[in-house]
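Dear colleague,

I am passing on to you the structure we talked about, with the sequence alongside. Please have a look at it before reading the notes that follow.

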Amino acid sequence: MKTPLKLLLCHHGTSGALSAEVLAHEFAVPGTTTLIHCLVVPEFWAGMQGDDWLNNASTRDAFGNYVENMLENDAKRELAAVASRCKERGLAYESVLRFGNPAETVLATAGEVGADLVVIGSPRKKGEGGLRSRMELEKLVHALKCPLLIAPHP
């Protein structure tokens, strides 16, 4: 495989994403590769208002704002951490923060940035903590126009 000029790393802070980052760094060449960090906030957060337990509009709005701020702060922290590790390795870094269906968003982003390689983590094992925002691997494999590399589970 030739050295990727644009490597799209899908990373949202899980152990699988960290494994994907390690693998991406193995393929990235300082001065040649630009690592493009794609962080997707899954669309299921859009409806998170606590309607089942909050009983008035102002409380729901306050809770919605809290959730949005929490997600934004988590995303900023994750983007900064990956950017820092890329800087340590001398890799050019760009970030893309999107909201939506993970597979559809990765496909769109890969096309927009002209990715030569997409690196993702493997699905979480049953019982492992974290959000269940599953990547639709079949959709990704069939529609992606560049190689896909799935990091083994840590």
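A good place to begin is helix α1, in which the buried residues are G16, A17, S19, A20, E21, L23, A24 and H25. The helix covers residues 15–27, and its 13 residues should span 18 Å at 1.5 Å a residue, which agrees with the 19 Å that separates its end C-alpha atoms. Please bear in mind throughout that this is a predicted model.

Stepping back to the whole chain, the secondary structure comes to 4 helices and 5 strands, and along the sequence these follow the pattern β-α-β-α-β-α-β-α-β. Of the 154 residues in the protein chain, 40% are buried. Among the contacts with a separation of 6 or more, 77% are made by residues that lie 24 or more positions apart.

How are the strands arranged in the sheet? The 5 strands form an open sheet in the order β3-β2-β1-β4-β5, and their pairing is parallel. At the edges are β3 (92–100) and β5 (148–151), each of which pairs on one side only, and from one strand to the next the twist averages 20°. Within this sheet, strand β1 (residues 6–10) and strand β4 (residues 117–121) run parallel and are joined by 3 bridges, with L8 standing opposite V118 in β4. Helix α3, which is made up of residues 102–113, lies across β1, β2 (34–42), β3 and β4, and it runs at about 140° to β3.

I also looked at the cysteines. In general, a disulfide is a covalent bond between the sulfur atoms of two cysteines. A search of the whole structure finds 0 disulfides, and C38 is accordingly in none, the nearest cysteine sulfur being that of C10 at 4.9 Å. Why does C10 not form a bond with C38? The two sulfurs are 4.9 Å apart, which is too far for a bond, given that a disulfide requires the sulfur atoms to be within 2.5 Å. C10 counts as buried because its relative accessibility is 9%, a value under the 20% cut-off, and C38, with a relative accessible area of 1%, is buried as well.

Two residues in the loop between β4 and α4 may help you to find your way around that part of the model. One of them is S122, which is buried, with a relative accessible area of 16%. The side chain of S122 reaches the backbone nitrogen of H153 at 3.2 Å, and, leaving aside residues up to four places away in sequence, S122 touches I150, A151, P152 and H153.

The other is M135, which lies in the loop that leads from β4 to α4 (137–143). Is M135 buried or partly exposed? At 24% relative accessibility, M135 counts as partly exposed, because buried means under 20% and exposed means over 50%. With residues up to four places away in sequence again left out, M135 touches P102, A103, V106, I120 and L140. The C-alpha atoms of M135 and G121 are separated by 9.7 Å, although the two residues are 14 residues apart along the chain.

With best wishes

Methods. Residues are numbered from 1 along each chain as its sequence is written. This is a predicted model: local features need pLDDT of at least 70, side-chain atom pairs count only at pLDDT 80 or more; totals for chains, interfaces and linings use all residues. Side-chain values use heavy atoms; hydrogens and water are left out. Two strands pair if DSSP finds at least two bridges between them. Axes are lines fitted to C-alpha atoms, for helices over the stretch in contact, and angles run from 0 to 180 degrees between N-to-C directions. Contact means heavy atoms within 4.5 Å. Buried means under 20% relative accessible area, exposed over 50%, partly exposed in between (1.4 Å probe, protein chains only). The expected span of a helix is 1.5 Å times one less than its number of residues. A polar contact is a pair of N or O atoms within 3.5 Å; within protein, one must be able to donate a hydrogen and the other to accept it, and residues adjacent in sequence count only if both atoms are side-chain atoms.
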